[in-house]
Amino acid sequence: IWRNNEMKKIIISTIVITALSTFWITKSILNSNGDHHHNEHADHHGDHHDEIGDEHSSAISITPEILKEFGIQIGIATGGVVEEMIELPGEIQIDPDRLAHITPRFDGVVKEVFKQIGDRVKKNELLAIIESNESLTAYELRSSINGIVIDMHFTKGETAQRPDHFFAVADLSEVWVNLSVYQKYLHLIQIGQSAKILLGSHVPPISGKISYLSPTLDEHTRTATARVILKNPDLKFRPGQFISGQVIVGQTKCKIVVPKTAVESVNNQQVIFVKDYHGFEPVPIRIGKNNSESVEILSGLSNGQEYVKKGGFVLKAQLAKGSFSGEHNH
């Protein structure tokens, strides 16, 4: 009897252990399959998220305050005219009709000198007093025009003689800009054409018209002279100053025209930063006609699109850094 009871206990224990083992093994397999399915779903979702993120990874989102802080200007793409120009070297010169050399009438001793280089004078204003060697009487030397003393050779006590001693007085309220025209450009230059005079990066271009074109070439430089006359009330144009002149020789009407400041180079590609709901993105472009100020856009920018017309170099720098004061790339 005892042996039968022991056998029953052993059989029951074996059945229970087998059942529990089967339960736990089955549960483990089911959990494993569930985790694998969940991970696949998560991986797929992650890949999809990465694809979306990569699609606009170069977009930069910035606030209006940041735009203002960095001087970034936004424009709307429109059509316009691109002027075809040629650039010519030139020099500012005094109009000979506005330059007076005032010399003594008679040789004599300089008794008084009243004006120096840089002084403004009016017509008939006293410049010096000279005592004649012949008559021993003093006479006055006066300016014949309104202007500025730009040169002089007079010293009190010395003997003044023509033509070594003089006052040079120039009226600089109007000056000449003489542009040197190379032979290859002569057929493009005509009297009446518009020209822009460039004094330097710190001064806006000055517009004028060609009023004279020399009929002969300079024997040394083999260039002709095209003249532009400019008003000079504040005397910012100084005779002897070298400048550049851009002469407009043609105009082309284009579907899309942007300022040259809008074009940047990213990864050796010419781009424009275009605004959309993701932010500002560098869009590759193809350019057509251009000059020092404007560029024709053949592809990459559509009429009506918003784009960065100035300050794109700031956005270009941020592509690598990743943020503007906490604003992050998408």
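## Close-ups of a predicted model

**View 1. The largest pocket, with a volume of about 160 Å³**. Keep in mind throughout that this is a predicted model. Three elements give two or more residues to the lining of the largest pocket: strand 2 (78-94), strand 11 (174-181) and strand 14 (224-231). The full lining runs through Gly90, Glu91 and Gln93, then Asn178, Leu179 and Ser180, and on to Asp218, Thr221, Thr223, Ala224, Thr225 and Phe242. Sorted by class, that makes seven polar, three nonpolar and two charged residues. As for how such a spot gets found, rolling a probe the size of a water molecule over the atoms shows where empty space is left.

**View 2. The whole chain, for context.** The protein chain comes with 23 strands and three helices. It has 330 residues, and 34% of them count as buried. About 20,600 Å² of the chain is exposed, with carbon and sulfur atoms supplying 53% of that area. Among contacts with a separation of 6 or more, 69% are between residues 24 or more positions apart.

**View 3. The largest nonpolar core, 21 residues in all**. Which residues have the most contacts inside this core? They are Val177, Leu179, Leu199, Leu230 and Val247. At least two core residues come from each of strand 2, strand 11, strand 12 (194-198), strand 13 (206-213), strand 14 and strand 15 (242-259). Leu179 is worth a second look, since the name turns up in the pocket lining and again in this core.

**View 4. Val177 and what it touches.** Setting aside residues up to four places away in sequence, Val177 touches Glu91 and Ile92, plus Ile197. The rest of its partners are Ala226, Arg227, Val228, Leu230 and Ile243. One of these partners, Glu91, also lines the largest pocket.

**View 5. Another core, apart from the largest one**. This one has 15 residues. Val110, Tyr139, Ala160 and Val169 are among them.

**View 6. Ile248, a buried residue in a strand**. Ile248 is found in strand 15. Why does Ile248 count as buried? Its relative accessible area is 15%, and buried means under 20%. Beyond its neighbours within four places in sequence, Ile248 is in contact with Glu83, Glu84 and Met85, and also with Gln193 and Ser194. Ile189 sits 59 residues from Ile248 in sequence, with 8.9 Å from C-alpha to C-alpha.

**View 7. A cis peptide bond from Arg162 to Pro163**. Omega is near -5° for this bond. Look for Pro163 in the loop between strand 9 (159-160) and strand 10 (167-170). For background, most peptide bonds are trans.

**View 8. Two asparagines with positive phi**. Most residues other than glycine have a negative phi. Asn124 has a phi of about 75°, and it lies in the loop between strand 5 (120-121) and strand 6 (126-132). Asn268 has phi near 65°, and its place is the loop between strand 16 (264-266) and strand 17 (269-276). Are these residues exposed or partly exposed? Asn124 is partly exposed, at a relative accessible area of 49%, whereas Asn268 is exposed, at 80%.

Notes
Residues numbered from 1 in each chain as written. Predicted model: local features only at pLDDT ≥ 70, side-chain atom pairs only at ≥ 80, totals over all residues. Heavy atoms only, no water. 1 Å grid on protein atoms, 1.4 Å probe; cavity = no way out; pocket = protein on both sides within 12 Å on 5 of 7 lines; lining within 4 Å. Points joined across faces, edges and corners; volume = space filled by probe spheres on them. Helix = DSSP H or I, 4+ residues; strand = E, 2+ residues; numbered from the N terminus. Nonpolar A, V, L, I, M, F, W, Y, C, P; charged D, E, K, R; others polar. Buried < 20%, exposed > 50% of the residue type's maximum accessible area, 1.4 Å probe, protein only. Contact = heavy atoms within 4.5 Å. Areas by Shrake-Rupley, 256 points an atom, 1.4 Å probe, with all protein chains shown as cover. Core = buried A, V, L, I, M, F, W, Y, C linked by side-chain atoms within 4.5 Å.
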